[in-house]
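The following exercises concern strand pairing, sheet order and ligand surroundings. Each task is followed by a solution in steps.

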Amino acid sequence: ARLYDYLIVGAGLFGAVFARQAFQSGKKCLVIDKRPHKGGNIYCEDIDGLRVHKYGAHIFHTSQKEIWNYVNRFVEFNRFTNSPLAYYKGKLYNLPFNMNTFNRLWGVVSPEEARIKIEEQRRKYASLPEPANLEEQALKLCGEDIYQILIKGYTEKQWGRSANELPAFIIKRIPFRFTYDNNYFNDEYQGIPKGGYNLLIEGLLKDIEVKLNTDYFENRSYFDHLADKIVFTGCLDEFFNYECGPLEYRSLRFEHEQLEIVDFQGNAVVNYTEREVPYTRIIEHKHFEFGQQPFTIITREYPKAFAAGDEPYYPVNDSLNTAKVKKYKEKAAQFPHLLLGGRLAQYAYFDMDDTVEAALDLARRESLF
Ligand code: FDA
């Protein structure tokens, strides 16, 4: 018999939830991670009690009561509500597009006035035939003002291309809200763990053996013989030695800065929608947890083309990559002891609640309940 029932590659949210279920069912698990910390991308660095989201801002939100109850078993959540702002040429606009935004743009006060104004803005582009690119698509959906002030520059920075060279399908619809509600999410539950995400991970991995600074690929043959089954949450293409070609990602660069002031922007998230400003967002971490520190830490977020060695953040779900993923998954299906999970091995954009759900589903399929 092998030493462990499960070797779990990756101590991120997926690996941690799966490990918890396996452990609770009496299975012997080893979790390894190549990073020097647990938590994968939800990890926060604690700087004198101020927690910095090192891999991008993370706000937990879900409409699924079971998922909310599950995470609340391990940590309590605060009442943080995501209400980002957009900064454009010295003015601030509320997001998502709602009555506060419309009031700021046009001075309209009632929902009726706002609807009329938006219709008027759109009318100019209503006769456009099939939109040929993102610019035409956006103009057709929201008209000139919202497009120029809140969409164009931000989108161009994000994709590194101008809007009239981007495909129209990137923007399918633009949601408008005709109330004065700045809550970004429509989900019933949201918040940030009190004390930070690391407590969630610590709770999930309590009493479970974890080895950090340990890369599966550096000692593959050893790890392959250690457990009956492998739960792999790393990159799908890397697992198969890039046999069907490398998968593409979009990456990000984060620039963290500590400032000896109490408050920099009065809000957790401010988007910068001007093309001329090189970053897309500034995150001020203390506001996720209503921090009272005498100093603050901000992070400027820069979009970045993916290059070897970069952190793979977002999958590029175009037809080429989708075809490669299909081939890789066919290969994976030939190994009954191999279980793929999480955002990297599934090559999918998973929010945290999707990740928890997927890990619980896999645990159920393994009869770990
Ligand atoms: P994750 O990447 O966290 O974990 C995988 C782990 O495997 C990593 O720790 C890695 O080091 C390890 N690993 C990989 N290869 C290995 C190897 N060869 N050997 C050993 N270890 C290996 N969601 C949400 O709900 N609200 C939000 O606000 C955000 N915000 C957000 C911002 C940004 C910029 C991104 C990229 C993502 C989000 N998310 C989010 C999504 C969220 O980050 C995601 O759902 C989870 O972190 C996914 O957890 P995983 O365990 O799948 O991957």
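**Exercise 1.** Identify the bridge partner of Tyr88 in β7, and describe the hairpin of β6 and β7.

*Solution.*
Step 1. Tyr88 has Lys91 as its bridge partner in β7. Strands here are DSSP runs of E with at least two residues, helices are runs of H or I with at least four residues, and both are numbered from the N terminus.
Step 2. Strands β6 (residues 85-88) and β7 (residues 91-94) run antiparallel and are joined by four bridges. Two strands count as paired if DSSP finds at least two bridges between them.
Step 3. Leu85 stands opposite Asn94 in β7.
Step 4. Two residues lie between the strands of this hairpin, and Lys89 takes a positive phi near 45 degrees.

The model is predicted: local features require pLDDT of at least 70 and side-chain atom pairs pLDDT 80 or more, whereas totals for chains, interfaces and linings use all residues. Residues are numbered from 1 along each chain as its sequence is written, and side-chain values use heavy atoms, with hydrogens and water left out.

**Exercise 2.** Place β6 and β7 in their sheet, and determine which strands stand at the edges.

*Solution.*
Step 1. Three bridges join β6 to strand β12 (residues 269-272), and these two run parallel. Across this pairing, Tyr87 stands opposite Tyr272.
Step 2. The open sheet comprises seven strands in the order β7-β6-β12-β13-β14-β11-β15, with mixed pairing.
Step 3. The edges are β7 and β15 (314-315); each has a single partner strand, so one side of each is left without a neighbour in the sheet.
Step 4. Within this order, β11 (residues 249-259) and β14 (residues 296-305) pair in the antiparallel sense over ten bridges. Glu255 has Arg300 as its bridge partner in β14.

**Exercise 3.** Derive the strand order of the five-stranded sheet, and state how α1 runs relative to β1.

*Solution.*
Step 1. The five strands form an open sheet in the order β9-β2-β1-β10-β16, with parallel pairing.
Step 2. At the edges are β9 (209-211) and β16 (338-340), each pairing on one side only.
Step 3. On average, neighbouring strands of this sheet are turned by 20 degrees against each other, direction ignored. Axes are lines fitted to C-alpha atoms, for helices over the stretch in contact, and angles run from 0 to 180 degrees between N-to-C directions.
Step 4. Strand β2 (residues 29-32) pairs with β9 in the parallel sense over three bridges; Leu30 has Glu209 as its bridge partner in β9.
Step 5. Helix α1 (residues 13-24) lies across β1 (4-9), β2 and β10 (227-232), and runs at about 165 degrees to β1. Contact means heavy atoms within 4.5 Å.

**Exercise 4.** Characterise the surroundings of the ligand by residue class and by polar contacts.

*Solution.*
Step 1. Of the 33 residues around the ligand, Asp33, His58, Ile59, Phe350 and Met352 come nearest. A residue is included if one of its heavy atoms lies within 4 Å.
Step 2. The shell has 17 nonpolar, ten polar and six charged residues. Ala, Val, Leu, Ile, Met, Phe, Trp, Tyr, Cys and Pro count as nonpolar, Asp, Glu, Lys and Arg as charged, and the others, Gly among them, as polar.
Step 3. Polar contacts are pairs of N or O atoms within 3.5 Å. A ligand nitrogen atom is 3.1 Å from a polar backbone atom of Lys34. An oxygen atom of the ligand is 2.7 Å from an N or O atom in the side chain of His58, and an oxygen atom of the ligand is 2.6 Å from a polar backbone atom of Phe350.
Step 4. Taken alone, the ligand exposes 1000 Å², of which the protein buries 97%; areas come from the Shrake-Rupley method with a 1.4 Å probe.

Definitions and conventions. A polar contact is a pair of N or O atoms within 3.5 Å; within protein, one must be able to donate a hydrogen and the other to accept it, and residues adjacent in sequence count only if both atoms are side-chain atoms.
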